[in-house]
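Colleague: Before we discuss particular residues, I should like to see the model and then ask on what grounds its labels rest.

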Amino acid sequence: MIATAQAGETVDAICWRVLGRTAGVTEQVFELNPGLADLGAQLPGGTNVTLPDLAATALPARQIVKLWD
């Protein structure tokens with residue numbers, strides 16, 4: 001999937017806007033888009049960004065901490 005950045009938008013913001021999450025996704029976006037980090041933290045408007053397929057990306061397992069037994 002390809003998303004187009006709005007002026008001043010960050011990679012995190014694109015992930016949240018389009019995919020609804022950033023955990024485990026933002027790093028993949030940089031891997032899928034060589035040179036994207038060279039554009040700076042805030043992307044120029046109109047920058048096309050390839051996003052990962054969420055069906056192939058599982059959420060990281062959460063560890064449950066019990067405070068009382």
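Modeller: The model is a predicted one. Let us begin with Glu9, which has a relative accessibility of 10%.

Colleague: Why is Glu9 called buried?

Modeller: Buried means under 20% relative accessible area. Glu9 stands at 10% and therefore counts as buried.

Colleague: What makes the pair Glu9 and Arg17 a salt bridge?

Modeller: The criterion is a side-chain nitrogen of Lys or Arg within 4 Å of a carboxyl oxygen of Asp or Glu. For the side chains of Glu9 and Arg17 the N to O distance is 2.9 Å, so the pair satisfies the rule. By this rule the count is 1 salt bridge.

Colleague: How is Arg17 classed, and why?

Modeller: Its relative accessible area is 39%. Since that class lies between under 20% for buried and over 50% for exposed, Arg17 is partly exposed.

Colleague: Why is Asn33, in the loop between α2 (26–32) and β2, classed as it is?

Modeller: Asn33 has a relative accessibility of 10%; the limit for buried is under 20%, so Asn33 counts as buried. Leaving aside neighbours within four places in sequence, Asn33 is in contact with Asn48, Val49 and Thr50.

Colleague: Which residues form the nonpolar patch on the surface?

Modeller: The patch consists of Val65, Leu67 and Trp68, which together have about 440 Å² of accessible area. Val65 belongs to the segment after β2 (48–50).

Colleague: Is Val65 buried or exposed, and why?

Modeller: Exposed means over 50%. Val65 has 62% relative accessibility, and therefore counts as exposed.

Terms used
Residues numbered from 1 in each chain as written. Predicted model: local features only at pLDDT ≥ 70, side-chain atom pairs only at ≥ 80, totals over all residues. Heavy atoms only, no water. Buried < 20%, exposed > 50% of the residue type's maximum accessible area, 1.4 Å probe, protein only. Patch = residues over 30% accessible without salt bridge, like charges linked within 9 Å, V, L, I, M, F, W, Y side chains within 5 Å. Areas by Shrake-Rupley, 256 points an atom, 1.4 Å probe, with all protein chains shown as cover. Helix = DSSP H or I, 4+ residues; strand = E, 2+ residues; numbered from the N terminus. Contact = heavy atoms within 4.5 Å.
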